[in-house]
Amino acid sequence: MIQVFTVVSQVALASILGVYHGYGFNSQFIPNYLMTYCRNFIMALPVQLFIVGPIARYLFRVLFSRVNGKDEKEIEKELMEEGFAE
C-alpha cells in the first residue's frame, strides 16, 4: 500500500514538472497533465511493484540485517517477549 501511495504522489509531482518543462503553462496544461499522468502511472506502478520495490527491500535486508550488533531474530524475540510484536 505504501508503494502505491509513493507512486501516486511521485507521478503527480513529476508530471507537473514534465508538462511545465515540455509545454509550459498554456491553455492545454490540464489536458496535457492528465495524459502525462496516465502514461507515467502506467509505467511507474509495475516498475515499482515488481522490480524496484523488491530490489530495495532485498538490499535493505542485506545491508541492515544487524542492528546495534544484534541479529534481527534476536530483536524480534525481545519485542515478542515485551509484547510489542505479534
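## Fold and overall dimensions

Three helices and two strands make up the protein, which is described here from a predicted model. In sequence order, these elements follow the pattern α-α-β-β-α. The radius of gyration is 20 Å, whereas the globule rule gives 12 Å for 86 residues; the protein is therefore more spread out than a compact globule.

The extents of the C-alpha trace along the principal axes are about 60 × 25 × 20 Å. Of the contacts between residues at least 6 apart in sequence, 45% connect residues that are at least 24 apart.

## Burial and surface

Buried residues account for 17% of the 86 residues. The accessible surface amounts to about 7200 Å², and carbon and sulfur atoms contribute 68% of that area.

With regard to charge, the protein carries 7 positive and 8 negative charges, and the mean positions of these two sets lie 12 Å apart.

## Nonpolar core

The largest nonpolar core comprises eight residues: Val7, Val11, Ala12, Val19, Phe29, Tyr33, Tyr37 and Leu45. Helix 1 (2-23) and helix 2 (29-63) are the elements that supply two or more residues to this core.

Val7, one of the core residues, illustrates the contacts made there. Beyond its neighbours within four places in sequence, Val7 is in contact with Phe41, Ala44, Leu45 and Gln48. Among these partners, Leu45 is itself a member of the largest nonpolar core.

Key. Residues are numbered from 1 along each chain as its sequence is written. This is a predicted model: local features need pLDDT of at least 70, side-chain atom pairs count only at pLDDT 80 or more; totals for chains, interfaces and linings use all residues. Side-chain values use heavy atoms; hydrogens and water are left out. Helices (H or I, at least four residues) and strands (E, at least two) are DSSP runs, numbered from the N terminus. The radius of gyration is taken over C-alpha atoms; the globule rule is 2.2 Å times the number of residues to the power 0.38. Buried means under 20% relative accessible area, exposed over 50%, partly exposed in between (1.4 Å probe, protein chains only). Contact means heavy atoms within 4.5 Å. Accessible areas come from the Shrake-Rupley method with a 1.4 Å probe; for residues, only the protein chains shown count as cover. Lys and Arg count as positive and Asp and Glu as negative; His and the chain ends are not counted. The place of a charge is taken as NZ of Lys, CZ of Arg, CG of Asp or CD of Glu. A nonpolar core is a set of buried Ala, Val, Leu, Ile, Met, Phe, Trp, Tyr and Cys residues joined through side-chain atoms within 4.5 Å.
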